[in-house]
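Work through the following exercises with the coordinates at hand. Each task is followed by a solution in steps.

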Amino acid sequence: MARLYVLLFLAQIVLAVCALISCLSAEEGDIRALPRLAWVLIILFFPLVGSIAWFVAGRERGAGTARTAGPIGSGFAERKRRPVAPDDDPEFLRSIEERSRQQDQELFRRWEDDLRRREDDLRRHEGDPPREEKSPDA
């Protein structure tokens, strides 16, 4: 019988820790009925009842999932979802692509200039006149 009590006690502690983590990590708009501090105190002083109350009445339904704004007048404020990570942000990816393209163009231009300079040096050493520069538009 003592093992059962220890098991129930551990289950209560795990439930209370999960409820505390959920309460402390919930966004302000996802907490219902009471302020965050009140929920934390209820969970700490009454671990079993407070934890169950938090999961039943304290947090928004589906608080862990992204909530979409309902129709006008639904009572929910529209929230702008921000990307989870930089590689999910289209603007960030676009800026990286643009920067990479510019770096590639600059590197290509420097390689072409270096190749022209080497060809001109080689022609000078061989006695040929240097070739005329063509404009990129021609």
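## Exercise 1: Charged pairs in helix 4

Glu-106 has a relative accessible area of 34% and is partly exposed. The model that supplies this value, and all others below, is predicted.

**Task.** Determine how Arg-110 and Glu-106 are related in space and along helix 4.

**Solution.**
1. Check the charged atoms. The closest N and O atoms of Arg-110 and Glu-106 are 3.9 Å apart, and a salt bridge requires a separation within 4 Å. The pair therefore qualifies as a salt bridge.
2. Check the sequence positions. Both residues belong to helix 4 (residues 90-126), and because they are four residues apart, about one helical turn separates them.
3. Check the exposure of the partner. Arg-110 has a relative accessible area of 47%, which makes it partly exposed.
4. Apply the procedure to another pair. The side chains of Arg-124 and Asp-121 form a salt bridge with an N to O distance of 2.8 Å. These two residues of helix 4 are three residues apart, and so they too are separated by about one helical turn. Asp-121, at 25% relative accessibility, is partly exposed.
5. Look for shared partners. Salt bridges join Glu-106, Arg-109, Arg-110, Asp-113 and Arg-116 into one network.
6. Place the result in context. Under this criterion, the count is 12 salt bridges. One of them links Arg-36 to Glu-28, with the closest N and O atoms 3.1 Å apart; Glu-28 is exposed, at 56% relative accessibility.

The general principle is that side chains of opposite charge can pair when their charged atoms come close.

## Exercise 2: The overall fold

**Task.** State how many helices and strands the chain contains, and give their order.

**Solution.**
1. Count the elements. The chain has four helices and zero strands.
2. Read them in sequence order. The pattern is α-α-α-α.
3. Consider burial. Of the 138 residues in the chain, 13% are buried.
4. Consider contact range. When contacts between residues at least 6 apart in sequence are taken, 44% of them join residues at least 24 apart.

## Exercise 3: The buried face of helix 3

**Task.** Establish which residues of helix 3 are buried and how they are arranged about the axis.

**Solution.**
1. List the buried positions. They are Gly-50, Ser-51, Trp-54 and Gly-58.
2. View helix 3 along its axis. The buried residues lie within an arc of 100 degrees, so they line one face of the helix.
3. Identify the packing partners. The buried residues of helix 3 pack against helix 1 (2-25) and helix 2 (36-45).
4. Compare the span with that of a straight helix. At 1.5 Å a residue, 12 residues would span 16 Å, yet helix 3 (residues 47-58) spans only 14 Å between its end C-alpha atoms.
5. Examine Ser-51 individually. Its relative accessibility is 0%, so it counts as buried. A polar atom of the Ser-51 side chain lies 2.5 Å from the backbone oxygen of Pro-47.
6. List the contacts of Ser-51. Leaving out residues up to four places away in sequence, Ser-51 touches Leu-15, Ala-16, Ala-19, Ile-43 and Phe-46.

## Exercise 4: The loop between helix 1 and helix 2

**Task.** Decide whether Asp-30 is buried or exposed, and do likewise for Ala-33.

**Solution.**
1. Locate the residues. Asp-30 is in the loop between helix 1 and helix 2, and that loop also holds Ala-33.
2. Classify Asp-30. Because buried means under 20% relative accessible area, Asp-30, at 7%, is buried.
3. Classify Ala-33. Because exposed means over 50%, Ala-33, at 71%, is exposed.
4. Inspect the backbone of Ala-33. Its phi is near 75 degrees, a positive value in a residue other than glycine.
5. Find a spatial neighbour of Asp-30. Asp-30 and Glu-60 are 30 residues apart in sequence, and their C-alpha atoms are 5.0 Å apart.

## Exercise 5: Cysteines

**Task.** Report how many disulfides a search of the whole structure finds, and classify the exposure of Cys-18 and Cys-23.

**Solution.**
1. Recall the chemistry. A disulfide is a covalent bond between the sulfur atoms of two cysteines.
2. Apply the search. It finds zero disulfides in the whole structure.
3. Compare the environments. Cys-18 is partly exposed, with a relative accessible area of 40%, whereas Cys-23 is buried, at 0%.

Notes: Residues are numbered from 1 along each chain as its sequence is written. This is a predicted model: local features need pLDDT of at least 70, side-chain atom pairs count only at pLDDT 80 or more; totals for chains, interfaces and linings use all residues. Side-chain values use heavy atoms; hydrogens and water are left out. The expected span of a helix is 1.5 Å times one less than its number of residues. Buried means under 20% relative accessible area, exposed over 50%, partly exposed in between (1.4 Å probe, protein chains only). The arc is that of the directions from the helix axis to the C-beta atoms. Contact means heavy atoms within 4.5 Å. A disulfide is a pair of cysteine sulfur atoms within 2.5 Å. A polar contact is a pair of N or O atoms within 3.5 Å; within protein, one must be able to donate a hydrogen and the other to accept it, and residues adjacent in sequence count only if both atoms are side-chain atoms.
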